[in-house]
Amino acid sequence: RREKDKQAIMTLVLRKINPQHPARLSSDDDCVIGINPSTNQLLHYQNVHSERHASMSVECLQEHPQIQLRYDLLDADIYICAPEFLFHFTDNFDYEDIKKDFLRGILQSE
């Protein structure tokens with residue numbers, strides 16, 4: 001993947017589960033995930049556990065004509081990172097959590 005896209009600094013491992021699976025209902029991993037179906041690029045990652053609805057920016061929808069929204073995927077908490085990944089934490093010293101801070105920060109800045 002990194003050979004095709006030099007800007008790909010992290011691969012997020014997801015596992016398919018039933019939307020009613022107890023692991024989803026009892027954790028902070030109750031997420032809606034938006035993916036570009038042709039490249040598998042992560043476009044949207046939103047925890048909906050407390051909100052019970054998902055929202056997406058108009059800019060994201062305009063920039064990406066195809067977005068596949070998935071509610072049947074669970075973050076496996078496995079991240080394959082390029083060396084450049086660490087620079088993002090250095091540059092943004094307020095990042096404390098990969099899911100809550102890094103993913104949101106990277107996706108909002110694109």
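What share of the contacts in the protein with a separation of 6 or more comes from residues 24 or more positions apart? In this predicted model, the share is 58%.

Let me begin with the overall architecture. The protein contains 4 helices and 5 strands, arranged along the sequence as β-α-β-β-α-β-β-α-α. Its radius of gyration is 14 Å, which agrees with the value near 13 Å for a compact globule of 110 residues. Along the principal axes, the C-alpha atoms occupy a box of roughly 35 × 30 × 25 Å. Buried residues make up 34% of the 110. The accessible surface is about 7600 Å², and carbon and sulfur atoms contribute 51% of that area.

I turn now to the interior. The largest nonpolar core has 16 residues, and those touching the most other members are Met10, Ile33, Leu42, Tyr45, Phe102 and Leu103. At least two core residues come from each of β1 (10–16), β2 (31–35), β3 (42–47) and α4 (98–109). The largest share, 4 residues, is that of α4. Tyr45 deserves a closer look: beyond four places in sequence, its contacts are Leu12, Cys31, Val32, Ile33, Asp75, Lys99, Leu103 and Leu107.

My last site is Asp72, in the loop between β4 (68–70) and β5 (73–81). Is this aspartate buried or exposed? Its relative accessible area is 16%, so Asp72 counts as buried, the cut-off being under 20%. The side chain of Asp72 makes a polar contact of 2.8 Å with that of Arg70. Setting aside neighbours within four places in sequence, Asp72 also touches Arg15, Lys16, Ile17, Pro19 and Arg24.

Note on methods:
Residues are numbered from 1 along each chain as its sequence is written. This is a predicted model: local features need pLDDT of at least 70, side-chain atom pairs count only at pLDDT 80 or more; totals for chains, interfaces and linings use all residues. Side-chain values use heavy atoms; hydrogens and water are left out. A nonpolar core is a set of buried Ala, Val, Leu, Ile, Met, Phe, Trp, Tyr and Cys residues joined through side-chain atoms within 4.5 Å. Buried means under 20% relative accessible area, exposed over 50%, partly exposed in between (1.4 Å probe, protein chains only). Contact means heavy atoms within 4.5 Å. A polar contact is a pair of N or O atoms within 3.5 Å; within protein, one must be able to donate a hydrogen and the other to accept it, and residues adjacent in sequence count only if both atoms are side-chain atoms. The radius of gyration is taken over C-alpha atoms; the globule rule is 2.2 Å times the number of residues to the power 0.38. Accessible areas come from the Shrake-Rupley method with a 1.4 Å probe; for residues, only the protein chains shown count as cover.
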